[in-house]
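Student: I would like a close look at one part of this structure. Please take me through it step by step, then set it in its surroundings.

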Amino acid sequence: MFRIPHMAFLFLFGRKPEDSGCGGKGSACSTPRSESEANWSIGDDEKRRSRTAREYYTFSKEKRYPLEELVPLAELEEGQEGKVVIAFGDRKLICRLCDLGLIPETQIRVLKRGLMEGPIILEVRSCEIAIGREIASKVLVKPL
Amino acid sequence: MGAGKDDVEEKRIEIALVGNPNVGKSTLFNQLTGLNQSVGNWPGKTVEVAKGTLVFKGLRIDVVDLPGIYSLSAFSEEEVVARDYILSGRPDILVNVVDAMALERNLYLSMQLMEMGVRLVLALNFVEDAKAKGIEIDAGSLSAGLGVPVIAVNAISGSGIAELVELAISHVSAKPPKRPAYGKEVEVYISEISGAIRTTDFGIPAGISPEWLAIKLIEGDPAVLDRFPKLAHLDSKIKAVKNKLEMVHGEEPAVVIASERYSAIHKIVRSSSVMHTSPITTRSERIEAILTHRFFGYLILLLVLGGMFFSIFAVGGMLSEIFDEAFRLLNDHVIGALVVLGVAQPISDILINGILFGVTAALSIVISYIFIFYLALSILEDTGYLPRAAFLLDSLMHKLGLHGKAFIPMLLGYGCSVPACVSCRIMETWKERVILGALVVMIPCSARSVIILGVAAQYLGFAAAMGIYVLDIFVVLFIGRLLFKAMPGESVGLIMQMPRIRIFKPWLVLKKTWFKTKDFIYIGLPLIVAGSVLIEALRVTGLIDQVILAFSPFTYGLLGMPVAVGISIAFGLLRKEMALVMLATYTNTLDFSSFMSPVQMVVFTIFMVLYVPCIATIAALYREYRAKWTLLIVALNLSVATVVAFGARIILSLFL
């Protein structure tokens, strides 16, 4: 079951580049994502969370942490610490996060949460990084 | 710089500076070469590659300042520039500038440089700041752990720089350092693929490390295959390796490699630095906390921006009055002199109203408004305040379908649309760049501010001028929202490093301000003078009336403005700051209230603020967006300006 084709883009840290067809159509990779993004932008929190959770649950049974222990980074409080477990998104986003040191098993601390749907300032490897709320909700962390 | 070239010609080396953004790379570059280059404090600032020359102990050294990058994955333009340059094999040695306070993240790039098999020395910057924060780094053991020479420098004070150059020169013909080993199993896969690359002819130049190619192929870097298409023969082998990696680690190969790099770095950093257990809260950290505070942060933002614009307009207004006064005095003297000399009326008109008036107008705008705007902006940049402002304004920018970084081009837009258009590059996706490009040209630049101040504020009061600024912001918000809904494509969220707050160095700020202002003096001044002469000549010959008459159905018919403002519209296309000057020249009066009613003034100001950007901006748009989108943006601008100005005419005439 683990080798179903579109596991590629849902699997831990984004889709694979050589991924021949995400379910047939060439653009299928981005379609479900932009759909979910559209959902997010209207602020459908419940749906968003359950969707992310479902993806995680379906495709990473052998992961180290039980799903109940994970929360989106966006939901950590100021001052709370956590460990990065998984991030969803396209290759570009995942690589950007890697470049800035946000890889699995990295300890982070939330320094500041912006007003309303504003961004979050994190401390990662003793540097400060601001990331938008919607990216932060694609990163699942284990609170410490 | 050409002097003394002959005797050092044969001994010539090229050094390139690489590093993350905000590590003091450009400051070091300035220290090394003395050549001036803009030093920015917001991520992704230096897009162009700067070059300079240094003569050190009879050796001619070319120093190249590469753009600040976090990695060599070739996703952004900066990374492509840096990577292509390094791959070209031109640099004899790389100087990797590293921020001691963020050592792990900075070494991630160093690790990738070592993978490429290039000669490298590390310049450890901000060692003192790190010490103050409780991080002590032993350069010797860091060097031993990495296998790369390391030297502590202070880019701002200049200490350690001579030693750095010496070290770099002494390693020019050394063997490239060997990168620290990754996990055993990853190493096996790397050598499996690099072995295959080595044994088969894929048309790869000798200077490029097969190991590096192997790592890139495992990572799935598309740019490598584009460059060496023959490597596609290894496809099945790479796929097998990737599958194995994925099975064992449960993560995508690119993430596995990134983790390997970070764990190697972590080991080295742990053994070569001491981090005191109780992190000391430094003064700058306390300031940072306040600047992004959910209440005080916005208060400070309001004060900073308010203060900035107030000082620009207060100081600028004062200065431009001085200029006007000086012009009037000079005018009288010159007229007197010309009369004495017996110069014919048309020629003296061209001399006075054309050249003299043009020069004064240009100087008064450049020095009063543009210089002060850039001075304020440079201070904000160098202190590291801009990313904080971007953080605070992220949710507002989301309403436009953009994110916090978009604030920076918008702020630039209040100074001049040209750098604002160019800086739209910092947005990640095409959609965001187009939206932002269309919006920044509608923000009143300093030249258009002159129109707002010179007409609305002068004759209708401060409130009217502010009203027009606010109206403009609403129009921008509305159009942004509209474009966001209407345009296809996606927008990526904000990912931005927050540089530390620093005290700015006055000489650096002044230098930077001068470089930004210089362009206006070189390009703007001749254009304004030429324009003034042209219009004066047209006026003297009487041709001008035809031009303006051609505009009259639009200016008078649709917008109900005096026919004379056609001159502003025509020459505003050339340069917006000429609009008022031209109108004054044409009507031969500086008192605009003598031929415009208050309603007409408002309509005029609104139209001038929103309509098609000046020719320099259109050129910048063309460079960034090509013909089709430039045309669309310009058309959008013109229609928005017409609709809003017409709306203002109808609404205002109902009340007044």
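Student: Which strands of chain B does helix α1 (residues 25-33) lie across, and at about what angle does α1 run to β3(B)?

Tutor: Keep in mind that this is a predicted model. Helix α1 of chain B lies across four named strands: β1, β2, β3 (59-65) and β4 of chain B. The helix runs at about 155° to β3(B).

Now take the sheet under the helix contacts. The strands that α1(B) lies across are β1, β2, β3 and β4, and they belong to an open sheet of six strands in chain B. The order is β2-β3-β1-β4-β5-β7, with mixed pairing. The edges are β2 (50-56) and β7 (150-152) of chain B. Each edge strand has a single partner, so one side of each is left without a neighbour in the sheet. From one strand to the next, the twist averages 25°.

One pair can be followed to the residue. β1 (residues 12-19) and β4 (residues 93-99) of chain B pair in the parallel sense. Five bridges join them. In one of the pairings, B:V18 has B:N96 of β4(B) as its bridge partner. In general, strands of a sheet pair through backbone hydrogen bonds, either parallel or antiparallel.

Next, a loop in chain B. B:P180 sits between α6 (161-170) and α7 (184-199) of chain B. Its relative accessibility is 13%, and the cut-off for buried is under 20%, so B:P180 counts as buried. Leaving aside residues up to four places away in sequence, B:P180 touches B:M111, B:M114, B:G145, B:L146, B:E187 and B:I268. Take B:M111: it is 69 residues from B:P180 in sequence, yet the C-alpha atoms are 8.1 Å apart in space.

Further along the chain is helix α19 (residues 430-440) of chain B. Ten of its eleven residues are buried, so α19(B) is largely enclosed by the rest of the structure. Among the buried ones are B:R433, B:I435 and B:L439. The buried residues pack against four helices of chain B: α17 (407-413), α18 (417-423), α21 (462-486) and α27 (615-655).

Chain B also shares a sheet with chain A. This one is open and has seven strands, with antiparallel pairing. Its order is β1(A)-β6(A)-β2(A)-β3(A)-β4(A)-β5(A)-β9(B). At the edges stand β1 (71-72) of chain A and β9 (495-497) of chain B; each has a single partner strand, so one side of each is left without a neighbour in the sheet. The chains meet where β5(A) and β9(B) pair in the antiparallel sense over three bridges. There, A:I129 stands opposite B:Q497. Helix α15 (residues 385-392) of chain B packs on this sheet. It touches β3, β4 and β5 of chain A, together with β9 of chain B, and its direction makes about 150° with that of β9(B).

Finally, the whole interface. Chain A gives 48 residues to the contact and chain B gives 47. About 4000 Å² is buried between the two chains, and carbon and sulfur atoms give 57% of that area. There are four salt bridges between chain A and chain B. One residue pair forming a salt bridge is A:R96 with B:E79, with the closest N and O atoms 2.9 Å apart. Eleven residue pairs are in polar contact across the interface. On the side of chain A that touches chain B, the elements giving two or more residues are α4 (91-99), β3 (107-113), β4 (120-124), β5 (127-131) and α5 (133-136). The largest share, nine residues, comes from α4(A).

Methods
Residues numbered from 1 in each chain as written. Chains lettered and ligands numbered in written order. Predicted model: local features only at pLDDT ≥ 70, side-chain atom pairs only at ≥ 80, totals over all residues. Heavy atoms only, no water. Buried < 20%, exposed > 50% of the residue type's maximum accessible area, 1.4 Å probe, protein only. Contact = heavy atoms within 4.5 Å. Pairing = 2+ DSSP bridges. Axes fitted to C-alpha atoms, helices over the stretch in contact; angles between N-to-C directions. Buried area = accessible area lost by both parts, 1.4 Å probe. Salt bridge = Lys/Arg side-chain N within 4 Å of Asp/Glu carboxyl O. Polar contact = N/O pair within 3.5 Å; in protein donor to acceptor, adjacent residues only side chain to side chain.
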